[in-house]
Amino acid sequence: MSNSNSDVVFIGSLDQGTTSTRFIIYDQHAKVVGSHQVEFTQIYPEAGWVEHDPMEILESAKNCMTKAIEKATADGHDVEKGLKAIGITNQRETTVIWSKSTGAPLHNAIVWMDVRTSSICRRLEKELEGGRTHFVETCGLPISTYFSALKVLWLVENVENVKKAVETGDALFGTIDSWLIWNMTGGIDGGLHVTDVSNAARTMLMNLKTLEWDKTTLKELGIPSGILPKIVSNSEVIGNVTEGWPITGIPIAGCLGDQHAAMVGQACRKGEAKSTYGTGAFILLNTGDQMINSTHGLLSTVAFKLGANAPTNYALEGSIAIAGAAVQWLRDGLGLIGSASEIEKLASEVESTGGVYFVPAFNGLFAPWWRDDARGVCIGITRFTNKAHIARAVLESMCFQVKDVLDSMHKDASEVESKEKFLLRVDGGATVNNLLMQIQADILGNPVVRPADIETTALGAAYAAGLAVGVWKEEEIFSSGERMKIATTFNPILEDEKRKKKVESWCKAVSRTFDLADLSL
């Protein structure tokens, strides 16, 4: 790599996800030398509500840093001497409001998949001239429970402490990246209140063209600009880690929302797409410097901006609320499996779902349907159906949802897509499941490529930080040829006619989920 120093250098990556926090340490060859991961508490106050404790998130980050450094040091790596920078990547949209004076959160974080703001969405759709798409022209996003602005409105309208703090100027708003950086750089003693362009793009408040908070949007929603963080690029030195953290004085030099970090980790250039399979599934297509307004239910967003003066890459995105979370539900809710890894073996016991179709619309459906009145269904059940059929139907549901999004993407972005045969880059924890990956290739009718290192989210944040401090050059990060040689490719084997019939059945199942939100308890 470009670092000419003979000493080994390291880059840390703090990956704060929806269910767990990780800290991974990479050397200058992007090889992992130490890592640690912890799960944190999922809080469900009411049906459809999901919260996290911001203080628990901070503690999980400190814990992961300490343990990862200990592991790397035990293996002979002098991390404390060689650590050059830290990158941060995080679950997007999840909203925290805290006190500027005390540093304490004024409410639990409201998680991206939470749907408590549905009544606010309906109200705004009626009040605003453009209805559901009123803000699409500026921010690329429809009015939806998904995005941070609506969560801010709910907190102000329903939590007295938040309302008072906003009125007195004591409130600070941020997505999880902002909360982490503010605390890591000093908190109440001079902590930096910043976010990056990718996280800001998911609030509904940033103008995609100017990459600044949109004054008209703020005025229409009644959100004061004083509570908002400063917007920076994805790759620049933001500030140094302060005392009280396991490593001090190290620059925080990269920050990206998790899906944008995965795009960098996968080296997605213009016309290339990736799908990350985690709690949800997120498909992004890099559209280069061209911002495409979708006419097929997708979102326009920032892909990445790798430097304060670097060009902005845009993307089309399709977000799927429930992917791996459906497997967790099989484990925790129904007890059909003892661990998430068991689903592959169980689903492999049958060659098909036996006509069963499962649509995991637990909290509504995101792209391309955008139906918050949808609820989960499982149809086609007969006396022949057993738990293996259900397990396989859950895996297929992830793959059908990804196909729905990609079909929309092909329609919206045919001009910018690569002219080579389409292949889908995949990453995320669920991709270790070979059966899932084969089903995905079969349902798409296209190859699916899994990299040797499936945790590309953390890698992307490390790349961004390393780029900012000179450990890597951009051409090194995006020279994906060598990585493709050690990737695993799943090619489709399902006949076209059978694929077509299965997709038709899936669409029929999706239509059955609509208008079910008011079913009696």
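Which residues do ring pairs link into a cluster? Before I answer, please keep in mind that what we have in front of us is a predicted model. The cluster joined by ring pairs consists of Trp112, Tyr146, Phe147, Phe282, Phe366 and Trp370, and I would like to spend most of my time on it before turning to a helix contact and a loop residue.

Across the structure there are 18 aromatic pairs. One of them brings together Phe147 and Trp370, whose ring centres are 6.4 Å apart and whose planes meet at 40°, so this pair counts as tilted. The two partners come from distant parts of the chain, with their positions 223 residues apart: Phe147 belongs to the loop between α4 (136-139) and α5 (148-158), while Trp370 belongs to the loop between β19 (357-359) and β20 (377-379). Phe147 has a relative accessible area of 0% and is therefore buried, and Trp370, with a value of 13%, is buried as well, because the cut-off is under 20%.

Trp370 also pairs with Phe366, and here the rings are stacked, with 5.5 Å from centre to centre and 25° between the planes. Phe366 is buried too, at a relative accessible area of 7%.

Staying with aromatic rings, but moving to charges placed over them, I would point out two arginines. Arg116 lies over the face of Trp154, at 4.6 Å from the ring centre, and the charged end of Arg371 sits over the ring of Phe514, at 4.1 Å from the centre of that ring.

Now to the helices. How do α1 and α7 cross, left-handed or right-handed? The crossing of α1 past α7 is right-handed, and the axes of α1 (residues 54-74) and α7 (residues 176-184) come within 11 Å of each other at an angle of roughly 65°. On the α1 side the contact is made by Pro54, Met55, Ile57, Leu58, Ala61 and Met65, and on the α7 side by Ile176, Trp179, Leu180, Asn183 and Met184. Sorted by type, the residues of this contact are 10 nonpolar and one polar, with no charged residue.

Finally, let me turn to Thr431, which is found in the loop between β21 (424-427) and α14 (434-444). Is this threonine buried or exposed? Its relative accessible area is 0%, so Thr431 is buried. If we set aside the neighbours within four places in sequence, the residues in contact with Thr431 are Tyr277, Val426, Met437, Arg450 and Ile454.

Terms used:
Residues are numbered from 1 along each chain as its sequence is written. This is a predicted model: local features need pLDDT of at least 70, side-chain atom pairs count only at pLDDT 80 or more; totals for chains, interfaces and linings use all residues. Side-chain values use heavy atoms; hydrogens and water are left out. Axes are lines fitted to C-alpha atoms, for helices over the stretch in contact, and angles run from 0 to 180 degrees between N-to-C directions. Helices (H or I, at least four residues) and strands (E, at least two) are DSSP runs, numbered from the N terminus. A crossing is left-handed if the near helix is turned anticlockwise from the far one by less than a right angle, and right-handed if clockwise. Contact means heavy atoms within 4.5 Å. Ala, Val, Leu, Ile, Met, Phe, Trp, Tyr, Cys and Pro count as nonpolar, Asp, Glu, Lys and Arg as charged, and the others, Gly among them, as polar. Buried means under 20% relative accessible area, exposed over 50%, partly exposed in between (1.4 Å probe, protein chains only). Rings of Phe, Tyr and Trp (its six-membered ring) pair if their centres lie within 6.5 Å; planes under 30 degrees apart count as stacked, over 60 as edge-to-face and the rest as tilted. A charge sits over a ring if NZ of Lys or CZ of Arg is within 6 Å of the ring centre and within 35 degrees of the ring normal.
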